[in-house]
Amino acid sequence: NGYFLAAQSGNTGGLTWQEAGGGGKILQVVEGTDTSARTTTASSYSDLTLNVSITPSASNSRIFVLVTATFGGQPSGGGSGEAFFDIQRKIGSGNYTSLGGGDGLGSVFMHNSEVHREANALSKVDSPNTTSAVNYKVFGKGIPGGGVSNVNVMFGRGGYSVITAIEIGA
């Protein structure tokens with residue numbers, strides 16, 4: 001019934017009943033979806049709309065964020081390029097900050113002006129250290145290669161994109 005038998009340090013032969021802790025338990029699961037294809041030609045991170053909000057029940061909870069979607073892009077002008085994707089978070093009314101650093105959490109390389117798309121996933125375990133609402137959102141950017149003026153970054157083409165936030169007790 002939520003208790004376990006524990007031996008106490010320095011207590012010879014003594015056992016006591018202790019309440020089981022909540023560490024590692026899933027406390028809540030929240031999901032956001034998008035059924036539209038999103039694109040950008042921006043060379044700095046641009047909002048791709050897919051997001052989810054979660055309010056942690058404890059400040060020491062961790063949040064596992066998982067994005068599943070189709071990621072892709074197409075370089076213009078016959079050259080190559082790369083599409084980068086990132087999960088960013090905003091706590092309360094603050095600003096979005098990257099969970100993946102400058103190059104994000106994933107990328108797709110393209111060449112010869114071909115459209116390149118693939119089903120893929122991004123994931124990150126985050127420690128927001130708050131009990132305020134946290135919003136996680138997907139961002140993308142394109143970096144042109146040789147002979148290319150821009151990259152058309154594609155997200156969620158052909159279907160259903162999902163972002164899931166899972167609160168894990170400390």
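How many aromatic pairs does the structure hold? I counted through the rings and got four aromatic pairs. Note to self: this is a predicted model.

**Entry: the Phe pair**

I picked out Phe71 and Phe155 from the pairs. I get 5.4 Å from centre to centre and 70° between the planes, so I'm logging Phe71 and Phe155 as edge-to-face, given that the label needs planes over 60 degrees apart. Next I asked where the two partners sit in the chain. Phe71 belongs to strand E6, residues 62-75, and Phe155 to strand E12, residues 151-155. They are 84 residues apart, and the pair links distant parts of the chain.

Are Phe71 and Phe155 buried or exposed? I looked up both, and both come out buried. I then followed the ring pairs outward and found that they join Phe71, Phe85 and Phe155 into a cluster.

**Entry: a charge over a ring**

I also checked Phe84. Which residue lies over the face of Phe84? It's Lys141, at 5.6 Å from the ring centre.

**Entry: the nonpolar patch**

I turned to the surface and found a nonpolar patch of about 500 Å². Tyr3, Leu5, Leu15 and Trp17 make this patch. Strand E1 (3-7) and strand E2 (15-19) are the elements that give two or more residues to the patch.

I took a look at Leu5, which is found in strand E1. Why does Leu5 count as partly exposed? Its relative accessibility is 45%, and partly exposed runs between 20% and 50%, so Leu5 gets that label.

Definitions and conventions
Residues numbered from 1 in each chain as written. Predicted model: local features only at pLDDT ≥ 70, side-chain atom pairs only at ≥ 80, totals over all residues. Heavy atoms only, no water. Patch = residues over 30% accessible without salt bridge, like charges linked within 9 Å, V, L, I, M, F, W, Y side chains within 5 Å. Areas by Shrake-Rupley, 256 points an atom, 1.4 Å probe, with all protein chains shown as cover. Salt bridge = Lys/Arg side-chain N within 4 Å of Asp/Glu carboxyl O. Helix = DSSP H or I, 4+ residues; strand = E, 2+ residues; numbered from the N terminus. Buried < 20%, exposed > 50% of the residue type's maximum accessible area, 1.4 Å probe, protein only. Phe/Tyr/Trp six-rings, centres within 6.5 Å; stacked < 30°, edge-to-face > 60°. Lys NZ or Arg CZ within 6 Å of the ring centre and 35° of its normal.
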